[in-house]
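Open the model in your viewer and keep the sequence panel beside it. The tour goes from one selection to the next and says what is found at each stop.

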Amino acid sequence: MDRINVPPAGPMDLPLSLLEMGCSGKFELITHPVPDQALAPHSTLPHGLPPTSLSLETEVEKQFLRDAAWLPIHDTDFAFQKFLKVTQRKVNVHSLIKCSPSALHSGVSVVRDPTTGMLLDFTEVLLENTSLSAKNSLSLQRQPGPPAESLRGSNTNYPFLPGGMEELTLEQIKKKSELEEDIDFENDLLRVPPGLKVGMDFTDKEAKIAKAEVNLMSLLSTLDIADLQPEAEEKEEGKRSEDTPKLPRTNSLEDLGVKDVVSSSSHSEKGNDEKSKPKENPEENKKWAIPVNISSPCDDFYKRIPNPAFKWPFELDVFQKQAVLRLEAHDSVFVAAHTSAGKTVVAEYAIALSQKHMTRTIYTSPIKALSNQKFRDFKQTFGDVGLLTGDVQLSPESSCLIMTTEILRSMLYNGSEVIRDLEWVIFDEVHYINDAERGVVWEEVLIMLPDHVSIILLSATVPNALEFSDWIGRIKKKHIYVISTMKRPVPLEHYLYTGNSTKTQKEMFLLGDATGNFLTKGYYAAIDAKKERTSKHAQSFGTKGTSHTTASQDRSVWLTLLHFLSKRQQTPVVAFTFSRTRCDDNARSLDSMDMTTSIEKAEIHSFFQKSVSRLRGADRQLPQILLMRDLLKRGVAVHHSGILPILKEVIEMLFSRGLVKVLFATETFAMGVNMPARTVVFDSIRKHDGTGFRNLLPGEYIQMAGRAGRRGLDATGTVIILCKAGVHEMGDLHVMMLGKPTTLQSQFRLTYTMILNLLRVEALRVTDMMRRSFSESHRDTQASESRISQLKKTLSSMPPLDTEGQLSDMLPYYHTVTELRTTTEALQHAILESVNGLKALSVGRVVLVNNKQHLNALGVILQVSNDSVNRTFTALVICEKGNEESEGKGNNNSFPHLYNTALFIPEGTCSHTVQKLKLQDISAITVKTLKVIPDRIIDNYNKRQQPRFRLDPPGQAISTATQELLRMAEASPSGIAALDPVNDLQLKSVDVVEDSMRLRVLRESLREFNCINSPTFAEQFARVQDRMSVQEELDRLLFLVSDQSLSLLPEYHQRIKVLQSLQYVESSGAVQLKGRVACQISSHELLLTELLFENVLSPLAPEESAALLSCLVFTQKTQVEPHITNTLQEGIDRVLSVAKRIGELQRDCEIPQTAEEFVGQFKFGLTEVVYCWARGMPFAEIAQLTDVQEGTVVRCIQRLDEVLKEVRQAARIVGDSVLGSKMEKASLAIRRDIVFTASLYTH
């Protein structure tokens, strides 16, 4: 449309104008212009209409040249100073000092009228603990930190105070609160509870009866102190029914509430009070772990929990009901049961309870795959569930969080706010605490959990569940209820299978029946079946079945077995094979087997395509994926760590739907992935555990065999052990099937991260952590402490020692004698354990006897017992007439024989006795021997012990021997020559030589003491001895209770030395900047921190630094030499030199690990792979670069991403923003495609 030019307004035109009002698009008509003035402006806006686009020049000029506020004003650079003059900005130093205002110390409270609720007044109330923050306090009263840190916490935060850490001091216990007073059980008892009209009637007649048997227990039971009774629930039921008639009903809760507050606080105080006086409270040393009886049915379950927090479609087992009852009472439980017994029920109930209570639950599992599965299961059940693993974070604000134990540990150390609302922590698969590498994490978490968190431990059956729970109860100061059941919902039957061809395919022999009996008949049948097939030739030459079979033999065994099983409808089958290559080979060899119907094939195909469709086009064509697709269609699959994670998940899901008929898996499949099958087959019962081949442990076998039998589908589960080369040894099978599962053992060790994390918090000491570890659980400090106070009392009540005049060297004398005694005993042990010593102590040898009854008496050995542990010697010893009985009146305390070598010569007639002597009774072996007839002597002596022959004269043999001994004693009254252990018995070990020399010196020195000559010597020496024995026991106990006796203490000092020499820690123990950085890093913290501070990563490009750091996460061996750039090679050399330096420093500080071992744990086999991946090479090509399997590569790159995140955090602490952004780039470069496809379980 053409533009119309309107001529300018002339005098004839109407004087109209439009005025735009504001920006909203309203117009006004102006009709009366003022004469001699131009028309009004067309808009009310001051600057005309807003411009449509700003000019860039003016913007830049305005921001950078006119407004210099963006430039720093405190820079000393010359150009800046000049610039400041141009822009005329004043330097304001005070603007640098930022100080957050301190918290208010008081708040305003409202005063209301109690009846109407009207506001009457405001009063000021002083607030306590206002200055507490996450930087200076362990208390839950502290203010919450910034929201950004609420989930993971920050490494400058203090953790919350771990439960059971605070031990009350005596002063705190002695102080009573206002609410508490001493109760006098005799007089002035209150009769009417507050708020009730009528009370109890304490008349005299009842009191008199009760008085007869007043003991502490009966007094406690008259009080209703629930905390002191372990079976409070059971008893309360009864009590309530008895008490109800006595309490008149009240409509006002106020009265009852008041009473309740008072009583509960006084109870808890009273509980503390009684703990501090162990004398009075008989229940003081009660166990923390309380086993729950699950043999009798739990009838009143629905009465006690009328509206449970969660309902299941099936009836619970007894052990599940008991656990739920405990959870309702908010107790901690340890549930040990077989795999498919239904432990998850306990976890589900806890999650439901915490949702009902508006609190949170954390569910930790040892394996990431298990975390993902639980996330899917719980998400379907509860909805409000979050997941936190190293690389995934889904809805972290949920009430139930599923995470790996490592993340929970860092949350505890970093004081995460999640811990405040935490009600339950569920530890699944607790038997993982036996894991040498990661077991320590469980212990750290258990020790660090605060008091308000209750613990649920779920584990496979372990023999020492009670001991383990007792440890947790003791460090947490709360009861742990142990519920363990050996019952399997689906019993197992164990078979041996010897078939290897269609003819022998039915050769399956029952070895263990469903009730757990071991059937030897089946074993011998299997051996016969195997024998028939070995040729006569092989039998005659006795080749005892070689342990290895060829691939074709393997193939025929598997084909035979699987045909047999599918015919008997025994699928799905899990075949446990303890090598990844064997798994793959076995699966590939079944190319002729097809175990699925066409309907199943279609289902498998569509599910596989749908799952793989999330990958990029090229990744869908990976050889492993194509191979697995063909296998899966035939119902065969492989599951081990070399399989791509997405494939593993596809296989698990198809398996749980029953579409995979045969699964070749390694042991990891049994560790928690809850996928029961109909049948489990063991390819072999030997596995390689990193150091060498060994038989399966009973615990491992049970864990894997337990996958057989699906609850509700199978009557029994079938376990088959293949006998490919030969039948396994019966003993091995018996141990493996019926042996005790592995006990839980502490794998606690000190890590630098743990030490640094605890050092940065003054209130927590590393020694506290060590003292509470499971490895130190045998120390019962409480019992020791009560004994210590007893001993101290005893010591103070003893009479003082008399050390005047002649007795002045009494104490040195005592110490010399004690040393003499211990040295003699050590020597005697050495003699007895040596061959020559035992030869010398044979029948007829004359020995010197010293015990309670005899002093330096000669004896002759008649018999030596065969028991090598507590060897006894029967000997004929001469003694005074009347001292034949063995209740000697002699005083053994003064060891006179040590300084008085004069032999015993009877004053009156010489008598004799035949005694069993212990080694310590024989103080010397003389050079003499006698010819004796031991049997006659012993028979004669025993005969004369009977009353009727008491007065008979001794037999000929005895008289001769006695006479001979007496003659010897009279011949050399000052002492008889003894065999010297070094020269005569030829014992040449260093200890023996040193001891015997020391003995000589000590014996010489004994003669020089004066105190022996004092008339009161014997009496005073007895006193010294009593006193010193008490003192020694006291010292021993004090040492045991002190930190000095911790087994890891020396290593702790060595590690502190390392940290100090690397300047992570000051000599005073304050954590330096390097230490703060190391706190951020979870593994290989020293190496990474050193690399950061030495700028090893600075010259490298992002992809090169990612490749270099791959040495921290890759642990396998590889045969392929990587081809890498020169800068990378230099980087590798620098890493190795840093590692060598740390290794040597550790060795200098006496840590028992060689520098080579330390450097050897960093493997650079994947550097090229990671480098190419970070530069964008597709996965298919990368897999060609190395012999490491695809799944392992993916896992490594995923873990590398976690390391890069940690380095980024660390760089931020140091203030190196360039490195931080470089790590971010590296992280983005590796986070792509198949490696970081989200888990199928989380969608």
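At what angle do H19 and H20 pack, and how far apart are their axes? In this predicted model, the two helices pack at an angle of about 155°, with their axes 9 Å apart. Since angles over 145 degrees count as roughly antiparallel, that makes H19 roughly antiparallel to H20. The crossing in which H19 passes H20 is right-handed.

**Stop 1: the side chains between H19 and H20**

Select residues 598-612 for H19 and residues 623-633 for H20. On H19, show Lys601, Ile604, His605, Phe608 and Gln609; on H20, show Ile625, Arg629, Leu632 and Lys633; these residues make the contact. Sorted by class, the contact of H19 with H20 has four nonpolar, two polar and three charged residues.

**Stop 2: H19 and H21**

Keep H19 in view and add H21, residues 645-656. The axes of H19 and H21 come within 11 Å and cross at roughly 150°. H19 and H21 are therefore roughly antiparallel to each other, and H19 passes H21 in a right-handed crossing. From H19, Ile604, Phe607, Phe608 and Ser611 take part in the contact; from H21, the residues are Ile646, Leu647, Val650, Met653 and Leu654. Which classes of residue make up the contact of H19 with H21? There are eight nonpolar residues, one polar and no charged.

**Stop 3: H20 and H21**

Now hide H19 and look at H20 with H21. Their axes are 11 Å apart, and the angle is about 10°. Angles under 35 degrees count as roughly parallel, so H20 and H21 are roughly parallel to each other. Gln624, Ile625, Met628 and Leu632 of H20 meet Leu647, Val650, Ile651 and Leu654 of H21. The contact of H20 with H21 has seven nonpolar residues, one polar and no charged.

**Stop 4: helix H9**

Select residues 318-328, which form helix H9. How many of the eleven residues of H9 are buried? Nine are, and the helix is mostly covered. The buried residues are Phe319, Gln320, Lys321, Gln322, Ala323, Val324, Leu325, Arg326 and Leu327. Past the end of H9, select His330, which follows the helix and has a positive phi, near 65°.

**Stop 5: Glu444**

Go on to helix H13, residues 439-448, and pick out Glu444 within it. Is Glu444 buried or exposed? Its relative accessibility is 1%, and residues under 20% count as buried, so Glu444 is buried. Show what surrounds Glu444: apart from neighbours within four places in sequence, this residue is in contact with Arg409, Tyr413, Met754 and Met769.

**Stop 6: two loop residues with positive phi**

Select Lys477, in the loop between helix H14 (465-476) and strand E13 (480-484). Lys477 is not a glycine, yet its phi is positive, about 55°. With a relative accessibility of 40%, Lys477 counts as partly exposed.

Next, select Gln1063, which sits in the loop between helix H33 (1049-1061) and helix H34 (1073-1079). Gln1063 also has a positive phi, about 60°, although it is not a glycine. The relative accessible area of Gln1063 is 55%, and the residue is exposed.

**Stop 7: Ile1012 and Asp809**

Where is Ile1012 found? Look in the loop between helix H31 (990-1006) and helix H32 (1017-1041). Ile1012 is partly exposed, at 23% relative accessibility. Add Asp809 to the selection: it lies 203 residues from Ile1012 along the chain, and the C-alpha atoms of the two are separated by 9.5 Å.

**Last stop: the whole chain**

Clear the selection and show everything. The chain has 42 helices and 27 strands. Of its 1243 residues, 46% count as buried. The exposed area of the chain is about 65,500 Å², and carbon and sulfur atoms supply 55% of it. Among contacts in the chain with a separation of 6 or more, 72% are between residues 24 or more positions apart.

Definitions and conventions. Residues numbered from 1 in each chain as written. Predicted model: local features only at pLDDT ≥ 70, side-chain atom pairs only at ≥ 80, totals over all residues. Heavy atoms only, no water. Axes fitted to C-alpha atoms, helices over the stretch in contact; angles between N-to-C directions. Helix = DSSP H or I, 4+ residues; strand = E, 2+ residues; numbered from the N terminus. Parallel < 35°, antiparallel > 145°, perpendicular 65-115°, else oblique. Left-handed = near helix turned anticlockwise from the far one by under 90°. Contact = heavy atoms within 4.5 Å. Nonpolar A, V, L, I, M, F, W, Y, C, P; charged D, E, K, R; others polar. Buried < 20%, exposed > 50% of the residue type's maximum accessible area, 1.4 Å probe, protein only. Areas by Shrake-Rupley, 256 points an atom, 1.4 Å probe, with all protein chains shown as cover.
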